[in-house]
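Got your viewer open? Here is a short tour, stop by stop, with something to select at each one.

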Amino acid sequence: MPMLLDRIEVVTLFVDDIDEAKAFYQKVFALDVVYEDAVSSVLKFSGTMINLLDAAQAPQLVEPSAVSAPGSGARILLTIKVDDVDAVCAELRKLGVMLLNGPIDRPWGRRTAAFADPSGHVWEVAQELR
């Protein structure tokens, strides 16, 4: 039987302040909490879960690799497909979320905008241009 590695179940984001991260994700994404304890919070996106994990707990998960230091630059871009980037950006601004860039039409046929969570993980909203 061939190995199928085509279903992402959970994306774990190492966060610097678990309480600040939980508050941000609840405010911006309004997601259901699947599991929560003192060092993590697992949130349900449509078919995937995001695990917010206190960065101090992360080394044991990635050894012998190191956990990147806060502020060392973007290492991930998570994209959410939306119908109207401009409308989503207007809602994000109402929530006090600062955009990193966009909305902008990209040469690959998408209109995108990006923002970061309090730990610097970059999120992008994108719509297909017709």
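A note before the first selection: UniProt positions are given in the numbering used here, feature names are shortened, and annotations may be inferred rather than shown by experiment. With that in mind, select residues 7–128, where an unreviewed UniProt entry places the feature "domain: VOC". The C-alpha atoms at the two ends of that span are 23 Å apart, and the span is 21% helix and 39% strand.

Some ground rules: this is a predicted model, in which local features need pLDDT of at least 70 and side-chain atom pairs count only at pLDDT 80 or more, while totals for chains, interfaces and linings use all residues. Residues are numbered from 1 along each chain as its sequence is written, and side-chain values use heavy atoms, with hydrogens and water left out.

**The whole chain**

Switch to cartoon. You should find 3 helices and 8 strands in the protein chain, running in the order β-α-β-β-β-α-β-α-β-β-β. Helices (H or I, at least four residues) and strands (E, at least two) are DSSP runs, numbered from the N terminus. The C-alpha trace spans about 45 × 45 × 30 Å along its principal axes. Of the 130 residues, 33% are buried; buried means under 20% relative accessible area, exposed over 50%, and partly exposed in between (1.4 Å probe, protein chains only). The areas come from the Shrake-Rupley method with a 1.4 Å probe, and for residues only the protein chains shown count as cover.

**Helix α1 and its surroundings**

Select Asp16, Asp17, Asp19 and Glu20, which gather in a patch of negative charge on the surface. Patches are made of residues with over 30% relative accessible area and no salt bridge, with like charges joined within 9 Å and nonpolar side chains (Val, Leu, Ile, Met, Phe, Trp, Tyr) within 5 Å. Lys and Arg count as positive and Asp and Glu as negative, leaving out His and the chain ends; each charge is placed at NZ of Lys, CZ of Arg, CG of Asp or CD of Glu. Asp19 sits in helix α1 (residues 18–29) and is exposed, at 56% relative accessibility.

Next, show Lys22 and Glu36, whose side chains form a salt bridge (3.4 Å, N to O). This pair links distant parts of the chain, 14 residues apart: Lys22 in helix α1 and Glu36 in strand β2 (residues 32–36). A salt bridge here is a side-chain nitrogen of Lys or Arg within 4 Å of a carboxyl oxygen of Asp or Glu. Lys22 is buried at 14%, whereas Glu36 is partly exposed at 45%.

Now pick Ala30, in the loop between α1 and β2. What is its phi? Ala30 is not a glycine, yet its phi is positive, about 50 degrees. Most residues other than glycine have a negative phi, and most peptide bonds are trans.

**More salt bridges**

The count comes to 5 salt bridges. One to select is Glu128 with Lys81 (2.8 Å, N to O). Glu128 lies in strand β8 (residues 122–128) and Lys81 in strand β5 (residues 77–81), so the pair ties together parts 47 residues apart in sequence.

Then show Arg111 and Asp105, with their closest N and O atoms 2.8 Å apart. Add Asp86: salt bridges that share partners join Asp86, Asp105 and Arg111 into one network.

**Two cis bonds**

Finish on the prolines. Glu63 and Pro64 are joined by a cis peptide bond, omega about 5 degrees, and Pro64 is in the loop between α2 (59–62) and β5. The bond from Gly102 to Pro103 is also cis, with omega near 0 degrees; Pro103 belongs to strand β6 (residues 99–105).
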